[in-house]
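Let's walk through this one together, starting from a single loop residue and working outwards. Have a look at the chain below before reading on.

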Amino acid sequence: MDPSKMKVVDLRSELGALGLDTKGNKPALVERLKKALEAKTGKALPDTSILDTSTEDADEPATPRRVPAARTTRRSSSSRLAATPAKVTTALEGT
């Protein structure tokens with residue numbers, strides 16, 4: 001079993017079965033499982049690179065990207081607009 005070729009879900013499952021911490025990113029999980037397997041078997045595992053994770057999601061279909069909907073501008077209704085009342089002057093105001 002090569003930990004660097006395992007999926008994160010599988011790494012966490014294996015670590016959990018061994019009673020080890022399952023938190024962290026893939027490189028941390030790989031290193032933790034590798035050390036645990038080396039301690040268990042007494043053999044050093046080959047140092048393999050985990051930089052190439054192209055096989056990690058090979059059996060899962062790609063999720064299509066969502067295209068945002070075109071935005072439309074709202075036009076205000078003429079019924080919403082309140083007319084400003086005209087100032088009414090009376091003949092008494094001027095005296």
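Start at Thr22, which sits in the loop between helix 1 and helix 2. Keep in mind that this is a predicted model. Is Thr22 buried, exposed or something in between? With a relative accessible area of 29%, Thr22 counts as partly exposed, because the in-between class lies above the under-20% limit for buried and below the over-50% limit for exposed.

Who does Thr22 touch, once you leave aside its neighbours within four places in sequence? The list is Arg12, Leu15, Gly16, Leu29 and Arg32. You can also check its position against Val8: the two are 14 residues apart along the chain, and their C-alpha atoms are separated by 9.6 Å.

Now step back to helix 1. Val8, Leu11 and Leu15 are its buried residues to look at. They cover an arc of only 60 degrees around the axis, so they end up on the same side of helix 1. Turn to the other side of helix 1 and you find Val9 and Ala17 exposed. Part of what covers the buried residues of helix 1 is helix 2. Just after helix 1 comes Gly19, with a positive phi near 75 degrees.

So much for one helix; next, the pair. Helix 1 and helix 2 pack at an angle of about 40 degrees, and their axes are 10 Å apart. The crossing of helix 1 past helix 2 is left-handed. On the helix 1 side, the contact is made by Val8, Leu11, Arg12, Glu14 and Leu15, while helix 2 brings Lys26, Leu29, Val30, Arg32 and Leu33.

Leu11 is a handy residue to follow across that contact. Beyond its neighbours within four places in sequence, Leu11 is in contact with Pro3, Met6, Lys26, Leu29, Val30 and Leu33.

That takes us to the largest nonpolar core, which has 8 residues: Met6, Val8, Leu11, Leu15, Leu29, Val30, Leu33 and Leu37. Helix 1 (8–17) and helix 2 (26–41) each supply at least two of them. Which helix gives the most? That's helix 2, with 4 residues.

Finally, a word on annotation. An unreviewed UniProt entry places the feature "domain: SAP" at residues 3–37. In the model, the end C-alpha atoms of residues 3–37 lie 9 Å apart, and the span is 63% helix and 0% strand.

Note on methods:
Residues numbered from 1 in each chain as written. Predicted model: local features only at pLDDT ≥ 70, side-chain atom pairs only at ≥ 80, totals over all residues. Heavy atoms only, no water. Core = buried A, V, L, I, M, F, W, Y, C linked by side-chain atoms within 4.5 Å. Buried < 20%, exposed > 50% of the residue type's maximum accessible area, 1.4 Å probe, protein only. Helix = DSSP H or I, 4+ residues; strand = E, 2+ residues; numbered from the N terminus. Contact = heavy atoms within 4.5 Å. UniProt positions renumbered as here; feature names shortened; annotations may be inferred. Arc of directions from axis to C-beta. Axes fitted to C-alpha atoms, helices over the stretch in contact; angles between N-to-C directions. Left-handed = near helix turned anticlockwise from the far one by under 90°.
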